[in-house]
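Work through the exercises below with the structure open. Each task is followed by a solution in steps.

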Amino acid sequence: ISNVSDESQASQPRVSSIESQQTGPAEATTFTDAVALIRQQQYDAAIPFLRKHVKDRPYYHVGWARLGYALREKAGRLLHDSPRDAEVLLEESISAFSRAANHNDTEYKATALYDSSKALLRLYQLTGNEERGKQAWD
């Protein structure tokens, strides 16, 4: 009987320490933690780690993409109550996606460009900046 339980435990997917703590904000200490926090929509807890992570690894395009996503989604929450803060976050998000778009793999590059266009569109909708609107459609 103990073999069966050992096998069932081995076949279960591994869960990060952050994912197993489904309550309250946490602080990311690894990239895996940051991704788990993003999945839980805890952007404030993930963003500081991701900013440091890409600063330490400026050519880690996936890190830039995750940072851009977290910033864009956090900005979306601030659009009505703090539009200026949302604008700053969207600009930073666009910059992060631009770095992510330098990836050699065309799928990663395409995803970064698509995500950037979504941030550009939100920025255009927020500010009315025609240039950002044009960039969103290019």
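**Exercise 1. Burial of helix α2**

Task: Find which residues of α2 are buried, and state what covers them.

Solution.
Step 1. The model is predicted. The buried residues in α2 are F31, D33, A34, V35, A36, L37 and I38.
Step 2. That is seven of the nine residues of α2, so the helix is largely enclosed by the rest of the structure.
Step 3. The cover over these buried residues includes α3 and α4.

**Exercise 2. The loops on either side of α2**

Task: Classify T29 as buried or exposed, and do the same for Q41, with "partly exposed" as a further option. Then describe the backbone at Q41.

Solution.
Step 1. T29 sits in the loop between α1 (2-11) and α2.
Step 2. The relative accessible area of T29 is 56%; because the cut-off for exposed is over 50%, T29 is exposed.
Step 3. Between the C-alpha atoms of T29 and A45 there are 10.0 Å, with 16 residues separating the two along the chain.
Step 4. Q41 belongs to the loop between α2 and α3. Its relative accessibility is 46%, so Q41 counts as partly exposed.
Step 5. The phi of Q41 is positive, about 60 degrees, although Q41 is not a glycine.

**Exercise 3. Helix α3 and H53**

Task: Compare the span of α3 with the expected one, list its buried residues and describe the surroundings of H53.

Solution.
Step 1. α3 has 14 residues and reaches 20 Å from its first C-alpha to its last. This is close to the 20 Å expected at 1.5 Å a residue.
Step 2. Y43, A45, A46, I47, F49, L50, H53 and V54 are the buried residues of α3.
Step 3. α2 (31-39) and α4 are included in what covers them.
Step 4. H53, in helix α3, has a relative accessible area of 9%; the cut-off for buried is under 20%, so H53 is buried.
Step 5. Leaving aside residues up to four places away in sequence, H53 touches F31 and Y60. F31 is itself one of the buried residues of α2.

**Exercise 4. Packing of α3 against α4**

Task: Describe how α3 and α4 pack, and sort the contact residues by class.

Solution.
Step 1. Two packed helices are described by the angle between their axes and the distance between the axes.
Step 2. For helix α3 (residues 43-56) and helix α4 (residues 61-78), the angle is about 145 degrees and the axes are 9 Å apart.
Step 3. The crossing of α3 and α4 is left-handed.
Step 4. α3 contributes Y43, D44, I47, L50, R51 and V54 to the contact. From α4 come G63, W64, R66, L67, Y69, A70, L71, E73, K74 and R77.
Step 5. By class, this contact of α3 with α4 has nine nonpolar, one polar and six charged residues.

**Exercise 5. The whole chain and its confidence**

Task: Summarise the protein chain, then decide where the model should not be read in detail.

Solution.
Step 1. The protein chain has seven helices and zero strands.
Step 2. Of its 138 residues, 37% count as buried.
Step 3. Among contacts in the protein chain with a separation of 6 or more, 41% come from residues 24 or more positions apart.
Step 4. The average pLDDT of the protein chain is 85, and 80% of the residues score at least 70.
Step 5. Over residues 1-20, however, the pLDDT is below 50. This stretch has 14 contacts in the model beyond near neighbours in sequence.
Step 6. Where pLDDT is low, the predicted coordinates should not be read in detail.

Technical notes
Residues are numbered from 1 along each chain as its sequence is written. This is a predicted model: local features need pLDDT of at least 70, side-chain atom pairs count only at pLDDT 80 or more; totals for chains, interfaces and linings use all residues. Side-chain values use heavy atoms; hydrogens and water are left out. Axes are lines fitted to C-alpha atoms, for helices over the stretch in contact, and angles run from 0 to 180 degrees between N-to-C directions. Helices (H or I, at least four residues) and strands (E, at least two) are DSSP runs, numbered from the N terminus. A crossing is left-handed if the near helix is turned anticlockwise from the far one by less than a right angle, and right-handed if clockwise. Contact means heavy atoms within 4.5 Å. Ala, Val, Leu, Ile, Met, Phe, Trp, Tyr, Cys and Pro count as nonpolar, Asp, Glu, Lys and Arg as charged, and the others, Gly among them, as polar. pLDDT is the predictor's confidence in each residue, from 0 to 100. The expected span of a helix is 1.5 Å times one less than its number of residues. Buried means under 20% relative accessible area, exposed over 50%, partly exposed in between (1.4 Å probe, protein chains only).
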